Amino acid sequence: LGTALSGGGLYRLQPHTGPERAAWDALGSGAAAAGAVLDAGYRRGMSEEEAVALAGAAVRAGVENDLGSGSGVRLCVLRRGGGAAMTYLPPPEEEGETAAAGAGAEEKAEEEE
């Protein structure tokens, strides 16, 4: 993230060419996998919800391809007006367990009626 005279934005620092404005970027040991997801899914004008889902999928792709990474994803959405929102996306196995537990509870409730 950076700021220039023309306003805020995302800038990559390239070693041989200097700063470069970018629509998205991925860094770190999982950058190749995350970048592939971002490259395939990014488009101008995405809603915040779509962007959060894409960012989460990109980070998860990076995590899955890096044995040293954690598994939960925390995203921070920075808004133009200065506001920010934090989002936690649980690991896929927790989502599955939660969904399975919820489905089982619903089925049990229906049986009791």
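Biologist: Which element of the protein has the lowest mean pLDDT, and which the highest?

Modeller: This is a predicted model; local features need pLDDT of at least 70, side-chain atom pairs count only at pLDDT 80 or more, and totals for chains, interfaces and linings use all residues. pLDDT is the predictor's confidence in each residue, from 0 to 100. Helix 3 (residues 92-112) has the lowest mean, 44, and helix 1 the highest, 94. Over residues 97-113 the pLDDT is below 50. Beyond near neighbours in sequence, that stretch has 0 contacts (heavy atoms within 4.5 Å) in the model. Where pLDDT is low, the predicted coordinates should not be read in detail.

Biologist: Which residues of helix 1 are buried?

Modeller: Buried means under 20% relative accessible area, with a 1.4 Å probe and protein chains only. Helices are DSSP runs of H or I, at least four residues; strands are runs of E, at least two; both are numbered from the N terminus. In helix 1 (residues 31-41), the buried ones are Ala31, Ala33, Ala34, Gly35 and Leu38. Their cover includes helix 2 (48-64).

Biologist: How many bridges join strand 4 to strand 5?

Modeller: Two strands pair if DSSP finds at least two bridges between them. Here strand 4 (residues 73-78) and strand 5 (residues 84-89) run antiparallel, joined by 6 bridges. Leu78 stands opposite Ala84 in strand 5. The hairpin has 5 residues between the strands, and Gly82 takes a positive phi near 105°.

Biologist: What lies over the face of Trp24?

Modeller: A charge sits over a ring if NZ of Lys or CZ of Arg is within 6 Å of the ring centre and within 35 degrees of the ring normal. Arg12 lies over the Trp24 face, at 5.4 Å from the ring centre. Residues are numbered from 1 along each chain as its sequence is written, and side-chain values use heavy atoms, leaving out hydrogens and water.

Technical notes:
Buried < 20%, exposed > 50% of the residue type's maximum accessible area, 1.4 Å probe, protein only.
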